[in-house]
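This report looks at how two copies of a chain meet, and then at one loop residue that recurs in two chains.

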Protein chains: 4
Amino acid sequence: MWENFTFPNMKQLSYNLLQKGTHGADINKYFDYGIMSLIFINIGALILESIPEFQQQYSLLFQAIEYFSIIIFTLEYVMRIYIADMTHPASNNWKSAFLFIFSFYGMVDLLSILPFYLPLIIPIDLRFLRILRLFRFLRVLKLNRYTHSVDLIFQVISEKKNELYMTCFLTIMILVIASFLMFYAEGHHQPEAFPNILAAFWWAVATLTTVGYGDVYPITGLGKFISGMIAIIGIGLVALPTGLISAGFMEKIHKEKKQNKTGSKHTCPHCGKDFHEHS
Amino acid sequence: MWENFTFPNMKQLSYNLLQKGTHGADINKYFDYGIMSLIFINIGALILESIPEFQQQYSLLFQAIEYFSIIIFTLEYVMRIYIADMTHPASNNWKSAFLFIFSFYGMVDLLSILPFYLPLIIPIDLRFLRILRLFRFLRVLKLNRYTHSVDLIFQVISEKKNELYMTCFLTIMILVIASFLMFYAEGHHQPEAFPNILAAFWWAVATLTTVGYGDVYPITGLGKFISGMIAIIGIGLVALPTGLISAGFMEKIHKEKKQNKTGSKHTCPHCGKDFHEHS
Amino acid sequence: MWENFTFPNMKQLSYNLLQKGTHGADINKYFDYGIMSLIFINIGALILESIPEFQQQYSLLFQAIEYFSIIIFTLEYVMRIYIADMTHPASNNWKSAFLFIFSFYGMVDLLSILPFYLPLIIPIDLRFLRILRLFRFLRVLKLNRYTHSVDLIFQVISEKKNELYMTCFLTIMILVIASFLMFYAEGHHQPEAFPNILAAFWWAVATLTTVGYGDVYPITGLGKFISGMIAIIGIGLVALPTGLISAGFMEKIHKEKKQNKTGSKHTCPHCGKDFHEHS
Amino acid sequence: MWENFTFPNMKQLSYNLLQKGTHGADINKYFDYGIMSLIFINIGALILESIPEFQQQYSLLFQAIEYFSIIIFTLEYVMRIYIADMTHPASNNWKSAFLFIFSFYGMVDLLSILPFYLPLIIPIDLRFLRILRLFRFLRVLKLNRYTHSVDLIFQVISEKKNELYMTCFLTIMILVIASFLMFYAEGHHQPEAFPNILAAFWWAVATLTTVGYGDVYPITGLGKFISGMIAIIGIGLVALPTGLISAGFMEKIHKEKKQNKTGSKHTCPHCGKDFHEHS
């Protein structure tokens, strides 16, 4: 009887903690903030670890952060499997757990803890593993507060996918043409800066994206003319994806609004007459 | 009797000067221009004071500007407390004054004069205070001419808050991943430019934002490839916040328009009944 | 009788040439292309004249271009005064001419020829005059083909004026704050690069606008952090005016569409009932 | 009888392969991916060929790629002429073939194979031909998957043509004015960096587009002020085309939606009559 009474409660508590529950949403909010802080501490640690002085002086702190994070993330992962029957309803608990583990966000969770457990099973080079810990970043995408935003951004990008591919392709086309022109214009005057078209390609990318490091730049009149044209085209090229994505966001917002007020837009709720459908 | 007669007039005059009154809006316009000029003179003085030659030669002028500004801003602050019962109606004048002082714009006003009066009460280092005078900047936000624009901009940004956070997070994620890749690609070839991942992070920021100072740049083929990818991704990353904010402004403008023509949109043109509110 | 017959014809012909007439629109199109070519040749000449070798070798050509341009522009100006009664109808021809001369586009025309005639009246330094010839640029704004576009762009900018001012102000605020922070962070480490806040301001502008010449850049950790923050804020700052102008263009296009179909949107052209106004 | 039976089938098969047929759309998808891969391999080969070491070591591979590509593209071209009666219906097959060959996409196809066959007919310098192979790029525009996106992007750009021309013109105007100002401000202080206005123009382009290579930059106070102004104006200038193109995409999407639901928007819901067309 004790078990019958407590277990549903614990499951509910876990659910409220991990998902945006009906009541007790606050607990989930603080949990989200906690996870987010942990992720940013992890990233900071990853970066600082690469500085030898830090690594030597604070190696214990770095290890503490690593162990603490892995405990939290593992606990969370286990809890999510435990409440899988609530988040991924299926005919039985095993199927629910299976559904969760192989869901996109389930894989994200797994990838963020796997790099720690992997060397316990099979021996791998540790340096390679350090990069894998970057997967922990993906956990931010799962934060309840941001799932709507993440979905919106990815939906807009995926809807405009083909147009964005075309923009990418146009960019590559312009880069290649610019590289060819530049190579023939400057190749003889600056053989060390533009020894081949691949080198000119590096200049073209730096110019079109307006980065302009200043390690390679044209010195002849023709080269400067090509460079100026490419830089100005670069401005136009920024306009294309920006315009596409602006339009995409507008579309999405419009659609959401229309879905929210279906009915009120097509029929009068009082006389019941259809406004638009009839015709 | 003299007091009874004059005081309301003076209050009305103060109100017309400080707020966009019903009549005498012109007086407020000139007051606004005056305050704006004063702010820009203050900023100019703050910058020029940091040049030793200027500081020595014109120290008297800088002090005159400072004293004049503080008198004007203090007078304004006192007047705003005086007319608080008109701008922040409450059960009594003390409550109104209190409401004004602790309102957002009341705090802005206080912060722009406090750095002058603070050392008279408690001794603080003067250099630190000079920076605090930058708070005077915030007074521009209060100019009647621009309150609508300020509100619009901040509303749009705050509505798209979550999406902008996500964009920031994506930016950080790309920066960190790029730093890791760059460190492993160039770290051995340019140990002085990329001694650790933090140094690579500095390169990543300069590249993704297309600043490209030219103090660090890749020299290996792989490094140049990563750099080019990051620069191109940078263009896409500019598109995200721009698209979000464009859509936000469009939404706000649409909403304002709809609010202006309520009625025509909220009632059935045939049975005349309101339908939006009830459905 | 000969005069009675020819003169109206010549006026009509002039009108068709200079304005987009009802018939003979083609003649105006070619005239527009001619004027545009002339303007671009003038600009090219202005730039090339500054190169001593060119100036010496082709001085005759430059003079020919100048005289030819001035003849064309003067002829056009006289013709526009001549047809002023058709473009600027008034009670008499003198008033029409007066209206044209003091109209915005009339002043543009005058400014583009005045620098040539001015030294004939009062002696002025010639170098200063060369710059004044840049006013000829403004003639492009008058080309019939582009007046709609010019109006659209300037209307959108002027409608979003206050918001754009606020963006400018925010930009200046960020620049000033960044300059202060940078001066205190790097001033002691690079006294030659950041001797005062004005010098730091130069760095701030180059960073926020992502130009990044590379003549000044931070070397300390704190300085690099501030620099990175400013560069990322710079991306967000680009988003504000872009979003505003996008929304402005959308609004303008919507309005134009609505004006084109007034009536059809508010009343049914067959049963005559008002759709929206009634309620 | 054998011919009667097989030929229509082969034509249908070719059609399904090259165009998005009614059934068998999958075959066309894989064909599209194949062509795209081939184009990118071609571009890669073109770039790598310019590096002497690669050219010597892998000349056989480069030649193999070239011959393979030319066979595929020629075969495709022949097949497209063969099925021209289905894609370009005309009174007879010759006319269809003629229509296809002189259509825009027909010319694209021809240009991508011509550089190979040309030297067999008339002897031309081979280096020049290598650039002509870049025409093969244009084949991407023909991929069925992307024709809609390509059309959308080009339609939006062509609809906003005049406004974009004006933006270009404004850009040139600002560049020229900035060059003049900069030349007079810095010409005497840095005669080697700003020897004439054309050199100042190069600086202006690098600054306005925010490329900022760092080969020329102002050193005087006035020069830095002008430079800062131009860089900030550059940000505004990016906003114009971006805003225009955003609005253009929005318009296009709106139009497409309206076309999809014609009827519901063009008839009065009460009397049922069409009202848009007649009014």
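A polar contact is here a pair of N or O atoms within 3.5 Å, where, within protein, one must be able to donate a hydrogen and the other to accept it. In this predicted model, the rule finds 6 residue pairs in polar contact across the interface of chain A and chain D, whereas it finds 0 salt bridges there.

On the side of chain A that touches chain D, the elements giving two or more residues are α9 (161-186), α10 and α11 of chain A, and α11(A) has the largest share, with 17 residues. By class, this side of chain A holds 27 nonpolar, 15 polar and 6 charged residues. The contact draws 48 residues from chain A and 46 residues from chain D. Between them, the two chains bury about 4400 Å², of which 76% lies on carbon and sulfur atoms; A:Met166, A:Phe169 and A:Ile235 supply 13% of the area that chain A buries against chain D, more than any other three residues.

A turn of 90° with a shift of 0.0 Å along the axis lays chain A on chain D with an RMSD of 0.0 Å, and the two copies are thus related as by a four-fold rotation axis. Only 17% of the interface residues of chain A are also interface residues in chain D, so the copies meet through different surfaces.

The table turns to Thr210 in chains A and B.

| Residue | Phi | Loop | Relative accessible area |
|---|---|---|---|
| A:Thr210 | near 60° | between α10 (197-208) and α11 (221-260) of chain A | 9%, buried |
| B:Thr210 | about 60° | between α10 (197-208) and α11 (221-260) of chain B | 10%, buried |

Methods. Residues numbered from 1 in each chain as written. Chains lettered and ligands numbered in written order. Predicted model: local features only at pLDDT ≥ 70, side-chain atom pairs only at ≥ 80, totals over all residues. Heavy atoms only, no water. Helix = DSSP H or I, 4+ residues; strand = E, 2+ residues; numbered from the N terminus. Buried < 20%, exposed > 50% of the residue type's maximum accessible area, 1.4 Å probe, protein only. Least-squares fit on C-alpha atoms with pLDDT ≥ 70 in both. Contact = heavy atoms within 4.5 Å. Buried area = accessible area lost by both parts, 1.4 Å probe. Salt bridge = Lys/Arg side-chain N within 4 Å of Asp/Glu carboxyl O. Polar contact = N/O pair within 3.5 Å; in protein donor to acceptor, adjacent residues only side chain to side chain. Nonpolar A, V, L, I, M, F, W, Y, C, P; charged D, E, K, R; others polar.
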